[in-house]
Amino acid sequence: MVGEEDAVANYFPWHVVEHSRRDHDLQRYQGVKEEYLVEARSCPKCGTPPERLRWVYVRDDPQPSQLSQPPRCREGYLLICDACFLQVDFFCEHRI
Ligand SMILES: [Zn+2]
């Protein structure tokens, strides 16, 4: 099981993805998706093209204990293959 998780690196913990997915304020940014579509990857497992993957605008607010750490990308567009339960690609919009 550990080996499988190593093979597929997640950009974000799944609970963060789910939380963002339910946040309608975040999902209204979906408009710029077209700009990224040209460079987006297909699902490496089933080959679903990026335009048919699920695009979720994800934001991972830093915990108080993480605020002293150097900024990293915590916000942007995440491409998910629902069939494979895979985080296929990520486009950074904002470093926090
Ligand atoms: Zn897939």
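F85 is exposed, with 10 other C-beta atoms within 10 Å, and this residue is found in the loop between β2 and β3. In the predicted model described here, the backbone of F85 has a positive phi of about 55° although the residue is not a glycine. Most residues other than glycine have a negative phi. The hairpin formed by β2 and β3 has four residues between its strands, and it is in this hairpin that F85 takes its positive phi.

With respect to overall organisation, the protein has four helices and three strands, and from the N terminus on these elements run in the order α-α-α-α-β-β-β. Of the 96 residues of the protein, 18% count as buried. Among the contacts that join residues at least 6 apart in sequence, 57% are between residues at least 24 apart.

The three strands make up an open sheet in the order β1-β2-β3, with antiparallel pairing. Because β1 and β3 stand at the edges, each with a single partner strand, one side of each is left without a neighbour in the sheet. The twist from one strand to the next averages 25°. Helix α2, which comprises residues 14-21, packs on this sheet and touches β1 and β2, its direction making about 100° with that of β1.

The pairing of β1 with β2 is antiparallel and extends over six bridges; among the residues involved, W55 has L79 in β2 as its bridge partner, while V58 is bridged to G76 in β2. The pairing of β2 with β3 (residues 86-95) is likewise in the antiparallel sense and extends over eight bridges. In this second pairing, the bridge partner of E75 in β3 is H94, and that of G76 is C92. G76 is thus a bridge partner both of V58 and of C92.

The surroundings of E93, a residue of strand β3, illustrate the approach of β3 to β2 in further detail. With neighbours within four places in sequence left aside, E93 is in contact with E75, G76 and Y77. E93 and R74 are 19 residues apart in sequence, yet their C-alpha atoms are 8.3 Å apart in space. E93 counts as partly exposed, since 16 C-beta neighbours lie inside 10 Å, whereas F85, with 10 other C-beta atoms within 10 Å, is exposed.

The largest nonpolar core has 12 residues, namely C43, L53, W55, V56, Y57, V58, Y77, L78, L79, I80, C81 and V88. Strands β1 (54-59) and β2 (73-81) each supply at least two residues of this core, and β2 gives the most to it, with five residues. Two of the bridged residues described above, W55 and its partner L79, are both members of the core. L53, also a core residue, touches C43, T48, L79, I80, C81 and V88 when residues up to four places away in sequence are not counted. Of the residues touched by L53, C43, L79, I80, C81 and V88 are themselves listed in the core.

Conventions: Residues are numbered from 1 along each chain as its sequence is written. This is a predicted model: local features need pLDDT of at least 70, side-chain atom pairs count only at pLDDT 80 or more; totals for chains, interfaces and linings use all residues. A nonpolar core is a set of buried Ala, Val, Leu, Ile, Met, Phe, Trp, Tyr and Cys residues joined through C-beta atoms within 7 Å. A residue is buried if 20 or more other C-beta atoms lie within 10 Å of its own, exposed if 12 or fewer, and partly exposed in between; C-beta atoms are placed from the backbone. Two residues are in contact if their C-beta atoms, placed from the backbone, lie within 7 Å. Two strands pair if DSSP finds at least two bridges between them. Axes are lines fitted to C-alpha atoms, for helices over the stretch in contact, and angles run from 0 to 180 degrees between N-to-C directions.
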